[in-house]
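Subject: A structure for you to look at

Hello,

Here is the structure I promised to pass on to you. Please open it next to this email, and then read on for what turned up.

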There are 2 protein chains.
Amino acid sequence: MPGGWGTGRGQGRRRRVMSFLQPCLLFMLKSGEAHGYSLLNGLDEFGFDLERLDPSLVYRALRDMEDSGWVVSNWGEESQGPQRRVYKILPEGDEHLVQWVADLRRTRDEIDRLLCAYENQSQSITQ
Amino acid sequence: MPGGWGTGRGQGRRRRVMSFLQPCLLFMLKSGEAHGYSLLNGLDEFGFDLERLDPSLVYRALRDMEDSGWVVSNWGEESQGPQRRVYKILPEGDEHLVQWVADLRRTRDEIDRLLCAYENQSQSITQ
DNA sequence: GCGGTCTATTGACAATATGTCTATAGTGTT
DNA sequence: AACACTATAGACATATTGTCAATAGACCGC
């Protein structure tokens, strides 16, 4: 832990929930099957900076989720352009997303607690 | 990324913000100097399960923050009982906490966006 | 007096997670 | 022909977290 901002990798890099890519990708796949690059592009909807997001991160996450049995993929049948893998969520992936949702609610509450305590302390000091 | 819950380390382990210990410890030190073990005990206030939280994690985080110049510590002057290090936040630590607060607000908003999208999709499906 | 638990701290090693880079390849534009 | 975008994936490095062992004082129960 070099120390968050200003040192080491990704200066100014934001700290998000660990493995946050996972529930985002699972959720997008709930809306329908998609291929990797379009999922990548959809991540800006959840706060990812697409200019800084290396595509290999997304593809590795997709592969890992497939290894875990939450999604499945098959090569599309394009006749034109590069071949694309089409990903689809499985029932196990749906269940996993339910767990993620419960866990993210708790994580949000924990962040809220710290932020509220911080803001309350700032107010009491200035009064 | 074996896949969150059910496999690998920490079965059922929750996924929180990376390095979340850091702002929690910094905030507690804003309230006044404290020694390591009391900071450890105060972490239940922010969602940490004290029964599962290894003290070495907290002490390492404190050391890392001291290395980064955000806190300072000195050996207390107890005549009885084991010696204790007393930690104190520095102005740089205060500034770093301000950055953490801004970042945590964004992280909370990102979680909110995913949770709202998820709940909206669940409702549209059942209607 | 001894064993166990709690308090108090720290380092070493292992495991997990993320970041970066390289590579291949098709299409479209300049 | 070069560049950018699309599309995918592996290797290597770095960052972060988890676990274990170690030391030691105080207190409590037996």
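Let me begin where the two chains meet. In this predicted model, 38 residues of chain B are in contact with 38 residues of chain A. On the side of chain B that touches chain A, the elements that give two or more residues are α1 (21–30), α3 (55–67) and α4 (91–126) of chain B. The largest share of that side comes from α4(B), with 18 residues. Sorted by class, the side of chain B that touches chain A has 16 nonpolar, 10 polar and 12 charged residues.

How do the copies meet? They meet through the same surface, because 100% of the interface residues of chain B are also interface residues in chain A. The way the chains are placed can be described too: a turn of 180 degrees, with a shift of 0.0 Å along the axis, lays chain B on chain A with an RMSD of 0.0 Å. The two copies are therefore related as by a two-fold rotation axis. If you want to find that axis on your screen, start from Val17(B), which comes closest to the rotation axis of the residues of chain B, at 2.0 Å for its C-alpha.

Next, the make-up of one chain. Chain A has 4 helices and 3 strands, and from the N terminus on its elements run α-β-α-α-β-β-α. Of its 127 residues, 26% count as buried. Looking at contacts in chain A between residues at least 6 apart in sequence, 46% join residues at least 24 apart.

Helix α1 of chain A deserves a visit of its own. This helix covers residues 21–30 and is mostly covered, with 9 of its 10 residues buried. Among the buried residues are Leu21(A), Gln22(A), Pro23(A) and Cys24(A). After α1(A) comes Gly32(A), which has a positive phi, near 145 degrees.

The same helix turns up again in the largest nonpolar core. Of the 51 residues in this core, the ones that touch the most other members are Cys24(A), Leu25(A), Leu26(A), Leu29(A), Leu25(B) and Leu26(B). The elements that give two or more residues to the core are α1, α3, β3 and α4 of chain A, together with α1, α3, β3 and α4 of chain B. The largest share of the core comes from α1(A), with 7 residues.

To see one core residue at work in your viewer, try selecting Leu26(B). Which residues does Leu26(B) touch, not counting those up to four places away in sequence? They are Trp70(B), Ile89(B), Gly93(B), His96(B), Leu97(B) and Trp100(B).

Now for the sheet in chain B. The sheet is open and has 3 strands in the order β1-β3-β2, with antiparallel pairing. β1 and β2 of chain B stand at the edges with a single partner strand each, so one side of each is left without a neighbour in the sheet. As a reminder from class, strands of a sheet pair through backbone hydrogen bonds, either parallel or antiparallel.

You can follow the pairing strand by strand. β1 (residues 34–35) and β3 (residues 85–89) of chain B pair over 2 bridges, and Val86(B) in β3(B) is the bridge partner of His35(B). β2 (residues 71–75) of chain B is joined to β3(B) by 5 bridges. Here Val86(B) appears again, as the bridge partner of Asn74(B), while Val71(B) stands opposite Ile89(B) in β3(B).

Two helices of chain B lie across this sheet. α1(B) lies across β1, β2 and β3 of chain B and runs at about 90 degrees to β3(B). α3(B) lies across β2 and β3 of chain B and runs at about 115 degrees to β2(B).

One last stop takes us back to chain A. Where is Pro82(A) placed? Pro82(A) is in the loop between β2 and β3 of chain A. Is Pro82(A) buried or exposed? Pro82(A) counts as exposed, because it has 7 C-beta neighbours inside 10 Å. Try comparing its place with that of Gln22(A), which is buried in α1(A): the two are 60 residues apart in sequence and 25 Å apart in space, from C-alpha to C-alpha.

Enjoy exploring, and send me any questions that come up.

Best wishes

Note on methods: Residues numbered from 1 in each chain as written. Chains lettered and ligands numbered in written order. Predicted model: local features only at pLDDT ≥ 70, side-chain atom pairs only at ≥ 80, totals over all residues. Least-squares fit on C-alpha atoms with pLDDT ≥ 70 in both. Contact = placed C-beta atoms within 7 Å. Buried ≥ 20, exposed ≤ 12 C-beta atoms within 10 Å, placed from the backbone. Nonpolar A, V, L, I, M, F, W, Y, C, P; charged D, E, K, R; others polar. Pairing = 2+ DSSP bridges. Core = buried A, V, L, I, M, F, W, Y, C linked by C-beta atoms within 7 Å. Axes fitted to C-alpha atoms, helices over the stretch in contact; angles between N-to-C directions.
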